[in-house]
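Please work through the exercises below with the sequence and the structure at hand. Each task is followed by a solution in steps.

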Amino acid sequence: MSLPSRLQLPPGPWATLLDGLCARFPRIARAQWQDRFARGRVLDAQGRALTADMPWQVGLDIQYFREVADEPVIPFTETIVHLDAHLLVADKPHFLPVTPAGGHVRETLLARLVARTGNADLVPLHRLDRLTAGLVLFSTQRASRDAYQRLFRERRIEKTYEALAPALPGREFPLQRYSRLVPGEPFFRMAEVPGEANARSRIELIEAEGPIWRYRLLPETGRKHQLRVHMAMLGAPIMGDDLYPQLRQRAPDVAEAPLQLLARALAFDDPLSGARRMFSSGRSLSLPA
C-alpha cells in the first residue's frame, strides 16, 4: 500500500494541472502524469479525483501517489512491539526505509504498518537510517501527537543503540564524543568541522574480545548520522558502514552484510499518564560468516 504525497499548488504560469505538475516534476514523463490522472491517482484534499485539464489553482491542496516501476521487494519483516490508542512501537529490520524516499514507496515501514493496522493516521515520531535496524516510535492519532513529539524536541527520551566496530584498545570507557557536524560532500554525508559542538554521544563497552568489539551508544543529541560519524572519527567505523570514514559503493543486493547498528531501546516518561515506558528490540547484531 502506498501513501499519498501532498502539495499546495504554488504560483506559476501554467494553464492546467497537468502542465504545472509536468513543470514542477520534470523527471516524471508527461505520459506518466496522464496515466495517473486516468487511474484516479491525483486527488484533492477530500480524496476526490482530479482531471488533467483542470485549471491550475494557486493554493489548492492536492494529493498524488508516487510510483516506482519494478520496485524491489525487501525480504525482511518488521515486528510490532507495542500498540495502544496513542503509540505504536515497531522493530525495523535492516534495509527497510521508514518513509518513502527515492526508489522506495510501497516497501517502507510506514506503508507496511498502515496496511497492517488500517490506520492512515500513523506518523513516525523520529527516523532511523534505512540501513539501521531497531525501534521506531509512531503516533497513532493526531490528538496526542504533539505531546509525544515534544519528547524528542525537548530531549526527554532516552535512546540506546548497539554497534559492532573495531577494537579501541588503550581508551578508557565510557568516553564522550563532542563535535560539530555539518552537511559534507557529497550532500548526503556529514562532516566534523571546528566550532561549537552540536553533536554529543556517550560510548560504552559491552564486550571487548577479539578485533571487533560490541559497543553501547547513547546519543545525547540527534544529528544526522551522528553515531556513525563519531565512531568513524574515533577510529572504529561501524561494521558495514558505506559512508564513513570514506564513501564506498554498496552492492544493490539487500542481502549484503548490513550496517551493524541497532536501535536497541527507548525509554521515557509518558507525557499523558506519567508512567515510565521502556521498549526493547528483539533483534541482534552479528558479523557475517
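The exercises concern a predicted model and treat strand pairing, enclosed space, salt bridges and a surface patch.

**Exercise 1. Pairing around β3**

Task: Determine which strands pair with β3, and in which sense.

Solution:
- Step 1. Strand β1 (residues 5–8) runs antiparallel to strand β3 (residues 61–64), and four bridges join the two. Within this pair, leucine 7 stands opposite isoleucine 62.
- Step 2. Strand β2 (residues 42–44) also pairs with β3 in the antiparallel sense, over three bridges. Here valine 42 has tyrosine 64 as its bridge partner.

**Exercise 2. The neighbours of β12**

Task: Describe the pairing and the burial of strand β12 (residues 212–219).

Solution:
- Step 1. On one side of the account is β8, which pairs with β12 in the antiparallel sense over six bridges. Tyrosine 161 is matched with leucine 217 of β12.
- Step 2. Strand β11 (residues 199–207) likewise pairs with β12 in the antiparallel sense, over six bridges. Arginine 202 has leucine 218 as its bridge partner in β12.
- Step 3. The hairpin of β11 and β12 has four residues between the strands, and glycine 210 in this hairpin takes a positive phi near 75 degrees.
- Step 4. Buried means under 20% relative accessible area. Six of the eight residues of β12 are buried, and the strand is thus mostly covered.

**Exercise 3. Cavity and pocket**

Task: Identify the elements that contribute to the lining of the largest cavity and of the second largest pocket.

Solution:
- Step 1. The structure holds one cavity of 30 Å³ or more, and the largest cavity contains about 30 Å³ of space.
- Step 2. Its lining includes His126, Lys159, Tyr161 and Ala263. The elements giving two or more residues to this lining are β8 (157–166) and β13.
- Step 3. The second largest pocket holds about 670 Å³ of space. Of the 26 residues that line this pocket, Lys159, Tyr161, Thr221, Gly222 and Arg223 lie nearest its centre.
- Step 4. At least two lining residues of this pocket come from each of α4 (145–153), β8, β12 and α5. The largest share, four residues, comes from β8.
- Step 5. Lys159 and Tyr161 therefore appear in both linings, that of the largest cavity and that of the second largest pocket.

**Exercise 4. Salt bridges of arginine 276**

Task: Which side chains form salt bridges with arginine 276, and which parts of the chain does its pair with glutamate 158 tie together?

Solution:
- Step 1. A search of the whole structure finds 24 salt bridges. In one of them, the side chains of arginine 276 and glutamate 158 meet at 2.9 Å, N to O.
- Step 2. Arginine 276 lies in strand β14 (residues 276–280) and glutamate 158 in strand β8, so this pair ties together parts that are 118 residues apart in sequence.
- Step 3. Arginine 276 also forms a salt bridge with aspartate 269, with the closest N and O atoms 3.3 Å apart.
- Step 4. Partly exposed residues lie between the limits of 20% and 50%. Arginine 276 is partly exposed at 40%, as are glutamate 158 at 45% and aspartate 269 at 42%.

**Exercise 5. A nonpolar surface patch**

Task: Which residues form the nonpolar patch on the surface, and where does leucine 247 lie?

Solution:
- Step 1. The patch consists of Phe187, Phe188 and Leu247, which together have about 330 Å² of accessible area.
- Step 2. Leucine 247 is located in the loop between α5 (226–233) and β13 (261–269). With 46% relative accessibility, leucine 247 counts as partly exposed.

Technical notes. Residues numbered from 1 in each chain as written. Predicted model: local features only at pLDDT ≥ 70, side-chain atom pairs only at ≥ 80, totals over all residues. Heavy atoms only, no water. Patch = residues over 30% accessible without salt bridge, like charges linked within 9 Å, V, L, I, M, F, W, Y side chains within 5 Å. Areas by Shrake-Rupley, 256 points an atom, 1.4 Å probe, with all protein chains shown as cover. Salt bridge = Lys/Arg side-chain N within 4 Å of Asp/Glu carboxyl O. Buried < 20%, exposed > 50% of the residue type's maximum accessible area, 1.4 Å probe, protein only. Pairing = 2+ DSSP bridges. 1 Å grid on protein atoms, 1.4 Å probe; cavity = no way out; pocket = protein on both sides within 12 Å on 5 of 7 lines; lining within 4 Å. Points joined across faces, edges and corners; volume = space filled by probe spheres on them.
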